[in-house]
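Q: Could you take a close look at one residue in this structure and then place it in the wider chain? I would enjoy a connected walk-through.

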Amino acid sequence: MRSFQSVAVSIAFSALMAAGATCAGAEDAPLGVRLVDQMNALYGAHPSVRANHAKGAVFEGRFTPTQGADALSSAVFLKGAPTPLVIRFSNSGGLPDAPDTDPSTGGVRGMAIKFRLSNGGEADMVCISANGFPAATGEDFLALLQAVGASGPDVPKPTPVETFLSTHPAARAFVTTPRPVAVSYGTQPFFGVNAFKYINAQGARKFGRYRIVPESGPAYVSDDEAAKRPPNALADNLRASLEKGPVKFRLLVQVAAADDSTTDATKVWPDSRPTVELGEIAVIKALDTKNVENELLFLPTNVTSGIDPSDDPIINTRTEAYAESFGRRAK
């Protein structure tokens, strides 16, 4: 198992160059503002760049619903003609030019999807490559980031991040889980770490979490191979695959059992829980990322009729932080 110090590196900046950084915002500032301030303290403030998942690649896509998917939810994209998508794949962390394998990413990738709905509206879906989240509340996540920022190489042990992880087993499990490097973004599974409520036309309600699975199956490279690859191989390899045709994923919902927590993103549900297939996500072509990505705002609470957020507090916290980050880069 990696040491606590190397764990800290995997969460934050390589070698913790931001050691000693603390949240720049006032303690009474909204939580989303303080989270973005702390991300900027850790990674540096990069103009016109997201505070987290700063490095990304944008693609055009299409969602085709599976017949009968509307039995789970009356959402408009689950019936009728295919729905156009804008998809942004990304690496975790706030360094826009970091190689895919840089420690600052923690090995975590993102897949954010914007559905251009037939009724003229939009709906967003935000997933990561980890099944689960290191904190159950935004306050705990901020405390983790602050502990990382205060844990430079010269700080006496136990460092603040060591102390935090020793008292937060879910965070420790999250950051010590090995994360292999995928062949491309198109061979990486993704998970919705927050629960949503799905309501069908008859009013039946079920809680679930999204899963996005590569249609060809997950595919990874060895650590040795990953270390030798170009810095942008995840996106470049996906673009190369698109020359042969669309790269496809299956969109699933893992359905909660009665005793599964729907309000704590650190609680991973057993794989034995049933899944419902909603349809196929096809990545069709690469877009000009630099020209389009800063116009894109993905919000977990931006849903459509037939889908409601659960009471998981991280959902609203993510929306607050994403909106704050968007406001800063749009200035």
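A: Let's begin with a cut-off: a residue counts as buried when its relative accessible area is under 20%, and as exposed when that area is over 50%. Please keep in mind that this is a predicted model.

With that in hand, take glutamine 188. Its relative accessible area is 6%, so glutamine 188 counts as buried. The residue sits in a loop, the one that links strand S5 (181-182) to strand S6 (190-191). Its contacts beyond four places in sequence are Arg109, Ser129, Ala182, Ile212, Pro214, Tyr220 and Phe249.

Some of the elements around here turn up again at helix H7, which spans residues 233-242. The buried residues of H7 are Ala233, Leu234, Ala235, Leu238 and Leu242. Their cover includes S5, along with strand S1 (55-65), strand S2 (83-91), strand S3 (109-116), strand S10 (247-255) and strand S11 (275-286).

Another buried spot is worth a visit: alanine 171, in helix H5 (residues 169-176). Its relative accessibility is 0%, so alanine 171 is buried too. Beyond its neighbours within four places in sequence, alanine 171 touches Pro134, Phe164 and Leu165. The pairing with proline 134 spans 37 residues of sequence, yet the two C-alpha atoms are 4.1 Å apart.

Now let's step back to the chain as a whole. It has nine helices and twelve strands. Its radius of gyration is 19 Å, close to the 20 Å that the globule rule gives for 331 residues, so the chain is as compact as a globular protein of that length. Along the principal axes, the C-alpha atoms fill a box of roughly 60 × 45 × 40 Å. Buried residues make up 51% of the 331. Of the contacts between residues at least 6 apart in sequence, 75% link residues at least 24 apart.

As for the outside, the accessible surface is about 14,200 Å², and carbon and sulfur atoms account for 53% of that. The chain carries 32 positive and 34 negative charges, whose mean positions lie 3 Å apart.

Finally, a word on confidence. The average pLDDT of the chain is 92, and 92% of the residues score at least 70. Residues 1-10 have a pLDDT below 50, and this stretch has 32 contacts in the model beyond near neighbours in sequence. Over residues 12-25 the pLDDT also stays under 50, and there the model has 41 contacts beyond four places in sequence.

How values were computed
Residues numbered from 1 in each chain as written. Predicted model: local features only at pLDDT ≥ 70, side-chain atom pairs only at ≥ 80, totals over all residues. Heavy atoms only, no water. Helix = DSSP H or I, 4+ residues; strand = E, 2+ residues; numbered from the N terminus. Buried < 20%, exposed > 50% of the residue type's maximum accessible area, 1.4 Å probe, protein only. Contact = heavy atoms within 4.5 Å. Rg over C-alpha atoms; globule rule 2.2 N^0.38 Å. Areas by Shrake-Rupley, 256 points an atom, 1.4 Å probe, with all protein chains shown as cover. Lys, Arg positive; Asp, Glu negative; His and termini not counted. Charge placed at Lys NZ, Arg CZ, Asp CG, Glu CD. pLDDT = per-residue confidence, 0-100.
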